[in-house]
Each structure stands twice: as C-alpha cells, then as structure tokens.
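User: I am new to reading protein structures, and I would like to learn how to go through one feature at a time. Could you guide me?

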Amino acid sequence: MCGIVGYVGNRQAYPILIKGLHRLEYRGYDSAGIALVNDELELNVYKTKGKVVDLEEACRTKDLRGTLGIAHTRWATHGEPSNANAHPHYSESENLALIHNGIIENYAVLKQELTHQGCVFRSNTDTEVLVQLIEHILKSNEVSLDKAVLWALNQIVGSYAIALIEKGNPDQIIAARKSSPLVVGIGEDEFFISSDASPIIEYTNQFIYLEDETMAIIYRGEPLKITNLKNIEVPHTIQKLEMNLSELEKGGYPHFMIKEIFQQPQTILDGTRGRINVDGDRVVLSGVIDHKEKFVNAHRIIIVACGTSWHAGLIGEHLLEDFCRIPVEVEYASEFRYRNPVIYPDDVVIAISQSGETADTLAAIELAKSKGAFIYGICNAVGSSIPRATHSGSYIHVGPEIGVASTKAFTGQVTVLTLLALSIAYEKNSISRNLFLEVIEELQNIPRKIEAILQQNHAISEFSKIFTYARNFIYLGRGYNYPAALEGALKLKEISYVHAEGYPAAEMKHGPIALIDTEMPVVVIATRNTLYEKVISNIQEVKARQGKIIAIITEGDEQMKQVADYFIEIPHTLECLEPLLTSIPLQLLAYHIAVNKGRDVDQPRNLAKSVTVE
Ligand code: G6P
C-alpha cells in the first residue's frame, strides 16, 4: 500500500532512492515519483504514472543532483493512477514536497476549507490536502516547519506514514507515522527512512521502528529527534537487523514467485529449526511456554487474518480443534473489527499476517486487546507492527516474500500453526503420545516430500498449457484440504486474472454444480485420506456433467488415476499435514498458467502485498 523512502547524507540521493523504490515496489506499482533538493537549494519533483522503471525513464534527462530526497511508489486509494495523482505532491508555492502512505479520512472537509481560503489543488488525492494544509499553517502562523507539520497532523483523521522536504533546506526531512509503518535507518553521517528495512539494509543494520503517532525530525549532522504528536520528545531504541541481501534478489529465477515456491523445503525447515528438540519428542515454542496458562485455560481461540493468511487460519482451526479440543473461530479481520464481536478475557486471539502490517488485522488485534483477550501473533516481517502489538507470538522465519502472491509464507504459517497446536496439546494433555510423536516426525519429512513435488515442475508447466485459455475454474477439497482448495483458487485469480472458485467438495451440489459443463476444469484435491471415498463421489457428480477433472492424488493411487481426466501425484503424508503438500502443485499450476498468459506474475494488476489501508 504505497512504499516510501527517503535519504539525507553525503551520497547522491537519486540512486539510493530509485533502488529503494524497486525494493518497495511490492507495496504498490501504479505510479512513482521522487523529490530532490539540489546544491542550488532547488526542490525538483519528478513523477509519472506507471512503475519505477517508467520513473527512471522519465528522469533520464532531468537534474538528479542532491544529497537529500524522498521517493514514493503508489497503490491508488484516492484518485486514479495518473501523473497528477502520483506522489510527491507539491504545496501550492512548490516550496514543500510530501509523500504519504495511508488514507486521510477527513480530506474532503479540509479540502473544502482550504479551497475556501483560495488554495488551488492540482490532484484528486487526499495527500495533497495535507501538504497544502501544512503550507497554509506556515503562511498564517510564525512557526517552524516541524511545528506546522505537527499542527497539521493533529487535524488529520486517518492513517499515514509521511515524509516532507522543503525548498532551500538541503538538510532536513520530517517524517511521521500513524497506523502505517515507517523505519529510520541510521548510517555514518546519514539517515534513511522507509516503509520497511529492505531499501536500507545494504547501507546500515541500525534501525529505529517509529512508534505509532510519532514524528521524526531528521537533520543532517544532528542527532535524531523523535516527538509524539503533542511535541514531547520520546526516547527511541536502535535495533540491529540482520538480513541477507540475496534474499531480496531473484537469484537466477525468472520471477520471485517461482523462487519462493522453490524455497519452501528450506523455509519449512527454517520454521521448525530449534522448535523441535533433538530427540524429536518435544515442541519448543517459547511464545506458548511463556504463557502456558493462557492457552491451557482458553475457552476459545479466535483466529483473525486476511487473504492467504486467513486460509492458513482455516487449516489452523482444524489443527487446534483436532489436537487441543479447544473451539476455534476463524474470522476475516475486516469483518470482525466492525461487528461488535463477543470477546472474553479468557479468549486467545491468534493474528496471522505475513507482512505484519495489514490494517484490518491490526485493528482486530486492538479491539480484542481492549476486551482483555490474550493476543498471539504469527508473522513473517520481523519488527513489523503486528508482532509489536501482540502479547506473544512466533515468527514463521521464511525470509522476505516479494512475489505479491503469497506462497512460502502460507506454508510457513501452516507449519507454525502445526507446531502451535502440538505445543498447546502437549500442555493440555489432549493428544495421544503416539499421534504427537507421529506428527512431529512427519513434519520433518515434509521438506523432502516437497522437493519431490517440485521435481514435477516441468511436467506441471507442460500440463498447464492445456488449461491456459480456460475462462473459469472450480477448486474442490474437503477437510484439511478445503482451505488448500480456496488458496489454490486464490493463487490462480491473483496472478492470471482467471475466475476461480474454491468450494468444499460436498457443497458443490448446492449451487456451483450448475456451472459445470465441458468447458469447466475442476481441480479436486483427492488424496487418500479419511474422506477419500466421499471425494470420489463428488468427482463422479462432476464427471456426470462432463466437467474435466484435474486431481491432486496420492502417489501410486491407480483407482484415482482411472477416475481423473488429468492428475498430479504427491507423496503420502498424514492427513493433518496434507495442505503443506497439496498446496505446492496448485501454486505451480497457477504460476505456469499466469506465465503462459504473459501476466506480470510478481506484480499482478490492482494488488499490493502490504495492505496498510482498510
Ligand atoms: C494482501 C496480499 C495477500 C495477503 C493479504 C494479507 O492482499 O496480496 O497475499 O494474503 O494481503 O496480508 P498479510 O500480510 O496480513 O498476510
């Protein structure tokens, strides 16, 4: 949801900012822009509709000098993607330039007032209202720039991460945040700001994660000053962040998505490393052990999440109910937060989020916290807002996920949910010793089994060509594999723009069966498990109506090979771990169909990876 980056120091800002925008492009990619203050103290703003490469092209002949600058990559909220609506936004006098990630909810009222005072607007964005308001305050009051920003922020309703620079001032960046992420990187005689650490990590590993509702006054050569919105200076801690730069590169793969699909044997291993003891008979999740009584005494678990993370939550529901015998509800965070839910102090709320920044999930957490529930986070991005807002939690440790369609984060979340369910069940004594040991052992076999599925990549790529031009798909699954079917359908929708519907296999006859004809591919997860016979019946219902069956089957299942029109084999595993395997061929199928269609796999239209607006 928009990426912002800024630099002040001794180097030229432009190359740092452009490289930073490329790293942040996963957050939005409909327009991009940059503002620089050069040695003549001029403030130059260049911006364009399109991606960061289009901005680079547009900048080719421009004055790009300057050791201070800010830059932005946009995911449109207010105002269509266009040159005028791209950030940075100038104030009317062109003395100030502002970039913003978030939504200013009361922009209409403020715009009306400013227009009334004679202010002329150049864009349809909410952001321009803020920069005009700051200038208006500066003009009508004898205050410093940082005071004017503070006064303006106190009039704003909504969410923001902003950065502002000024003509004639080659030394200062003012940055602030409320409900949108912002980090400050501290180098040798230089400062960086960014929506996340990825644009900064190659220059410094010293970071400050700005707290909510704070403002950073960054001045070349001076110590960093951070205040709250009441202008009271607040202390800050510098954190050391280690990140391997190769994690931010494609590493020889054509897309980040396929790299991330292929990383899964390793990322699942990383997610379990150190969390299963050497004897393989204990799960060590410190987030649970430290708060044992909260989990053991929980009368209910509520899982809140969005998108792919919500699908992982549905698998978590099965695992937690199966192993721990605690009732579980899985909620879309965006619905939960607005429906006055019943929450008790002895509820445990599990928030799942890859980015750790999803606005709806954060709001759901705050709501549950206000009712006294214990909040456990399952996140990927280290240091992001959700892990900081929760009482306890576990990282999934899959490394940066850059492809907009989530793959390794999904299996990482399911892995941690499995460990979590085992861990609680152990404390509650609600799982048999045999099953406990069996699941731990088999979880450690999963990476090897995923390797075997990945070896079929070429075959799946060839096979995907048959379905490249299908206009609709249905994905069916039951039990543990129902959420895997939903996730498979979501992957196809996201990156190939083909309509795909995920459904519980038995529910199909209550509606979607009307869609089935010779043109309709039906992807069925039909592995050999307790629901096997039932799924065969569901397949027959499709076949009777001439639908084409693509089945994900257990290796060597001759019976299913006869029934299905096409099949992909996966190794046998425990039913409760099947989604970790069945989701892999579905990721590959979606990927190859999207590639065949020439889609922008890593940056599909209209989507963004980090959704910091509600
Ligand atoms: C966006 C992403 C999805 C993701 C969802 C939730 O829509 O495109 O891939 O599943 O947000 O994000 P989170 O970071 O909270 O898991």
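**Reading contacts, burial and a ligand shell**

Analyst: Let us begin with a single pair, in what is a predicted model: the side chain of Gln603 makes a polar contact with the side chain of Lys51, at 2.7 Å. Gln603 belongs to the segment after helix 20 (578-596), and, when residues up to four places away in sequence are not counted, Gln603 touches Glu25, Tyr29, Lys51 and Val404.

User: Is Gln603 buried or exposed?

Analyst: A residue is called buried when its relative accessible area is under 20%. Gln603 has a relative accessible area of 17%, and therefore counts as buried.

User: How should I read residues that are far apart along the chain, and which residue does Ile402 approach in that way?

Analyst: Here one sets the separation along the chain beside the separation in space. Ile402 and Tyr26 are 376 residues apart along the chain, while their C-alpha atoms are separated by 6.3 Å. Ile402 sits in the loop between strand 19 (392-395) and helix 14, and, its neighbours within four places in sequence left aside, Ile402 is in contact with Tyr26, Glu247, Leu248, Phe256, Glu260, Asp602 and Lys609. Ile402 counts as buried because its relative accessibility is 15%.

User: What does the same reading give for Ser198, and where is Ser198 found?

Analyst: Ser198 lies in the loop between strand 10 (190-194) and strand 11 (206-209). Between Ser198 and Pro400 there are 8.7 Å in space, C-alpha to C-alpha, although the two are 202 residues apart in sequence. The side chain of Ser198 also makes a polar contact with the side chain of Asp196, at 2.6 Å, and beyond its neighbours within four places in sequence, Ser198 is in contact with Arg23, Leu24 and Leu248. With a relative accessibility of 7%, Ser198 counts as buried.

User: How do I read the surroundings of the ligand, and which residues come nearest?

Analyst: One may start with the residues around the ligand, then turn to individual atom pairs, and finally to the covered area. There are 14 residues around the ligand, of which Ser309, Ser353, Gln354, Ser355 and Thr358 come nearest. By kind, the shell divides into 4 nonpolar, 8 polar and 2 charged residues, and helix 10 (residues 307-324) gives the most to it, with 3 residues. As for atom pairs, a polar side-chain atom of Ser309 lies 2.5 Å from an oxygen atom of the ligand, a polar side-chain atom of Ser355 lies 2.6 Å from an oxygen atom of the ligand, and a polar backbone atom of Val404 is 3.5 Å from an oxygen atom of the ligand. Of the 390 Å² of accessible area that the ligand has on its own, the protein covers 90%.

User: What about a nonpolar core, and which residues touch the most other members in the largest one?

Analyst: For a core, one looks at its members and at the elements that supply them. The largest nonpolar core has 88 residues, and Phe323, Ile350, Leu420, Phe473 and Tyr475 touch the most other members. Helix 14 (residues 408-428) supplies the largest share of this core, 11 residues. Leu420, with neighbours within four places in sequence left aside, is in contact with Leu285, Val288, Phe295, Ile350, Tyr376 and Ile378. Another core, of 29 residues, lies apart from the largest one, and Tyr7, Tyr26, Val52 and Phe207 are among its members.

Methods: Residues numbered from 1 in each chain as written. Predicted model: local features only at pLDDT ≥ 70, side-chain atom pairs only at ≥ 80, totals over all residues. Heavy atoms only, no water. Near = heavy atom within 4 Å. Polar contact = N/O pair within 3.5 Å; in protein donor to acceptor, adjacent residues only side chain to side chain. Areas by Shrake-Rupley, 256 points an atom, 1.4 Å probe, with all protein chains shown as cover. Helix = DSSP H or I, 4+ residues; strand = E, 2+ residues; numbered from the N terminus. Nonpolar A, V, L, I, M, F, W, Y, C, P; charged D, E, K, R; others polar. Core = buried A, V, L, I, M, F, W, Y, C linked by side-chain atoms within 4.5 Å. Buried < 20%, exposed > 50% of the residue type's maximum accessible area, 1.4 Å probe, protein only. Contact = heavy atoms within 4.5 Å.
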